[in-house]
Amino acid sequence: MPVAPLPLPGLFVTGTDTDVGKTVIAAAIARAMRQVGERVAVLKPVATGCRKDREGLISGDAELLAAASDTPQPLDLICPNRYAEPVAPSVAARRTGRPIDYKAIDNAARLAAARASVFVVEGAGGVLTPLDDRHTVADLIAALGAAAVVVAHARLGTINHTLLSIEALRIRGIEVAGVVLNQYPPDGASTAEETAAAEIERHGRVPVLAIAPREGFTPPHLPAGVMAAVGRVDWAEKCKTLR
């Protein structure tokens with residue numbers, strides 16, 4: 001893939017699927033590192049489902065990442081590839097006739113690194129979501145040289161989805177920093193939900209770093225329970241030691 005490795009230590013937040021809460025977790029990780037004094041660069045290399053306004057296409061994910069990290073970078077650098085239609089990036093690029101600009105990803109990373117000490121990168125969709133006819137999100141993670149954090153929905157079926165995602169990452173030589181189970185029911189969890197974390201750790205040989213509750217929130221304010229769960233992890237140390 002024509003993308004250079006990140007110039008700083010970083011974590012790439014990916015997921016088992018779409019709508020598992022990657023953006024909230026990525027933003028919470030960025031905020032947690034910011035709170036301990038790290039200068040955090042955030043990057044959303046490609047986003048679909050962007051809204052249109054007078055400034056062009058805007059990624060809501062990029063807005064939340066920018067607010068969480070206190071970054072001075074403009075949104076078009078945080079998210080250099082934006083598409084309006086909520087489909088896979090490969091489909092959006094084909095339908096608009098605008099292939100993903102990998103040089104723009106490199107440029108955004110280089111500019112962000114000048115004022116930062118660590119990176120938090122958020123993907124689009126799941127690990128094997130296609131970006132073009134040859135590359136997937138996993139290929140992008142490998143090219144950037146970041147360790148992966150897998151976000152999974154705390155529900156029946158998540159063990160299989162998470163283990164498949166971990167396997168796909170490891171096949172490509174990507175270090176898996178750990179898993180975050182998201183949207184865990186605050187009360188009345190089922191047996192499947194209660195036992196998922198232990199099974200993922202046992203069979204995936206990977207730590208479940210945080211179990212974040214299901215909470216409503218109004219951006220750019222992050223949910224208190226999610227921040228409490230994510231904030232227990234030393235993310236800065238993890239991304240630097242796993243580089």
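This is a short dialogue on reading features in a predicted model.

Colleague: Let us start with a helix. What should the 14 residues of helix H8 span?

Modeller: Use the rise per residue. At 1.5 Å a residue, the 14 residues of H8, residues 191-204, should span 20 Å. The end C-alpha atoms of H8 are 19 Å apart, which agrees.

Colleague: Where is the kink in H8 centred?

Modeller: On alanine 197. The kink is about 35°.

Colleague: Which residues of H8 are buried?

Modeller: Glu193, Ala196, Ala197, Ile200 and Gly204. So alanine 197 is on two lists: it is the centre of the kink, and it is buried, with under 20% relative accessible area.

Colleague: What covers the buried residues of H8?

Modeller: The cover includes helix H7 (158-171), strand S9 (176-184) and strand S10 (208-213).

Colleague: Is threonine 195 buried, partly exposed or exposed?

Modeller: Threonine 195 sits in H8 too. Its relative accessibility is 36%, so it counts as partly exposed. Buried would need a value under 20%, and exposed one over 50%. Now compare sequence with space. Threonine 195 and isoleucine 159 are 36 residues apart in sequence. Their C-alpha atoms are 9.4 Å apart in space.

Colleague: What follows H8?

Modeller: Arginine 205, with a positive phi near 50°.

Colleague: Which other residues have a positive phi?

Modeller: Among them are two aspartates. Aspartate 19 has phi near 60°, and it is not a glycine. It lies in the loop between S1 and helix H1 (22-35). With a relative accessible area of 63%, aspartate 19 is exposed. Aspartate 70 has a positive phi of about 55°, and it is not a glycine either. Its place is the loop between H2 and helix H3 (75-78).

Colleague: Now a strand. How do side chains sit in a regular one?

Modeller: They alternate between the two faces of the sheet. Take strand S7, residues 118-122. Val118, Val120 and Glu122 are on one side. Phe119 and Val121 are on the other.

Colleague: Are the faces of S7 covered or exposed?

Modeller: Both faces are covered. Five of the five residues of S7 are buried.

Colleague: Which strands pair with S7?

Modeller: Look for bridges. Strand S1, residues 10-15, pairs with S7 in the parallel sense over four bridges. In that pair, phenylalanine 12 stands opposite valine 121. Strand S2, residues 40-43, is also joined to S7 by four bridges, and these two run parallel. There, alanine 41 has phenylalanine 119 as its bridge partner.

Colleague: Which residues touch the most other members of the largest nonpolar core?

Modeller: Phe12, Phe119, Leu169 and Leu181. That core has 48 residues. Leave aside residues up to four places away in sequence, and the contacts of phenylalanine 12 include Val121, Val137, Leu140, Ile141 and Leu144. There is also a second, separate core of 42 residues, and it includes Ala47, Ile78, Ala229 and Val233.

Colleague: Where does alanine 229 sit?

Modeller: In helix H9, residues 224-230. Its relative accessible area is 6%, so it is buried. Beyond four places in sequence, alanine 229 touches Ala210, Ile211 and Ala212. Threonine 16 is 213 residues away along the chain, and the two C-alpha atoms are separated by 19 Å.

Colleague: How do I read the loop between S10 and H9?

Modeller: Check the peptide bonds. Proline 220 is in that loop. The bond from proline 219 to proline 220 is cis, with omega near 10°.

Colleague: How many disulfides does the structure have?

Modeller: Zero, in a search of the whole structure. Always check the sulfur distance. The sulfur of cysteine 79 is 5.4 Å from the closest cysteine sulfur, in cysteine 50, so it is too far for a bond. The cut-off is 2.5 Å. Cysteine 79 is buried, at 0% relative accessible area. Cysteine 239, at 1%, also counts as buried.

Colleague: Is serine 69 buried or exposed?

Modeller: Buried, with a relative accessible area of 2%. Serine 69 is in helix H2, residues 60-69. Past its neighbours within four places, serine 69 contacts Ala30, Arg34, Val40 and Val42.

Colleague: What does serine 90 contact?

Modeller: Pro130, Leu131 and Asp132, leaving aside neighbours within four places in sequence. Serine 90 is in helix H4, residues 89-96. At 8% relative accessibility, serine 90 counts as buried.

Key. Residues numbered from 1 in each chain as written. Predicted model: local features only at pLDDT ≥ 70, side-chain atom pairs only at ≥ 80, totals over all residues. Heavy atoms only, no water. Expected span 1.5 Å × (residues − 1). Bend = angle between axes of the 7 residues up to and from the residue. Buried < 20%, exposed > 50% of the residue type's maximum accessible area, 1.4 Å probe, protein only. Contact = heavy atoms within 4.5 Å. Pairing = 2+ DSSP bridges. Core = buried A, V, L, I, M, F, W, Y, C linked by side-chain atoms within 4.5 Å.
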